[in-house]
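Dear colleague,

Please find below the structure that I am handing over to you, together with its sequence. My notes on what was found in it follow directly after.

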Amino acid sequence: MTSVRIDKWLWAARFFKTRALASKACDLGRIHSNEIQAKPARDVYVGDMLRIRNEGGEFHVQVLALSEMRGPAAVAQTLYAETEASKEARL
């Protein structure tokens, strides 16, 4: 697999509880991929930089792995790396 829909990836990475919520966030302009507003069907590739706004705050992450399936939280955290600036801003 070389790419996956952004709404599926956001759900698998546990940024949203349902794929429908991930899709709605895309439609509302809360998701940016490489500084471009993302639609739900936009493909995500390893190495992409995402800006995600959800109820937990704003996250700036780099995609490390792809997945279409939701798994345990420990596995979901291996799909991305949050930038240090993002961690500091949320604190």
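**Aromatic residues and the sheet**

Trp 9 and Tyr 80 are both buried. Please bear in mind that the model is a predicted one.

These two residues also form an aromatic pair. A search of the whole structure finds 4 aromatic pairs. In the one between Trp 9 and Tyr 80, the ring centres lie 6.3 Å apart and the planes stand at 75°, so the pair is edge-to-face. The contact links distant parts of the chain, since Trp 9 belongs to helix H1 (residues 6–12) and Tyr 80 to strand E7, 71 residues apart. Trp 9 and Tyr 80 are joined by Phe 15 and Phe 59 in one aromatic cluster.

Strand E7 leads to the second topic, the sheet. This is an open sheet of 5 strands in the order E3-E2-E5-E6-E7, with antiparallel pairing. Its edge strands are E3 (36–37) and E7, each of which pairs on one side only.

Taking the neighbouring strands in turn:

- Strand E2 (residues 31–33) pairs with E3 in the antiparallel sense over 2 bridges; His 32 has Gln 37 in E3 as its bridge partner.
- Strand E5 (residues 49–54) and strand E6 (residues 57–63) are antiparallel and share 6 bridges. A hairpin of 2 residues connects E5 to E6, and Met 49 is bridged to Gln 62 in E6.
- E6 and strand E7 (residues 80–82) run antiparallel and are joined by 3 bridges; the partner of Val 61 in E7 is Glu 82.

With kind regards

Conventions. Residues are numbered from 1 along each chain as its sequence is written. This is a predicted model: local features need pLDDT of at least 70, side-chain atom pairs count only at pLDDT 80 or more; totals for chains, interfaces and linings use all residues. Side-chain values use heavy atoms; hydrogens and water are left out. Two strands pair if DSSP finds at least two bridges between them. Helices (H or I, at least four residues) and strands (E, at least two) are DSSP runs, numbered from the N terminus. Rings of Phe, Tyr and Trp (its six-membered ring) pair if their centres lie within 6.5 Å; planes under 30 degrees apart count as stacked, over 60 as edge-to-face and the rest as tilted. Buried means under 20% relative accessible area, exposed over 50%, partly exposed in between (1.4 Å probe, protein chains only).
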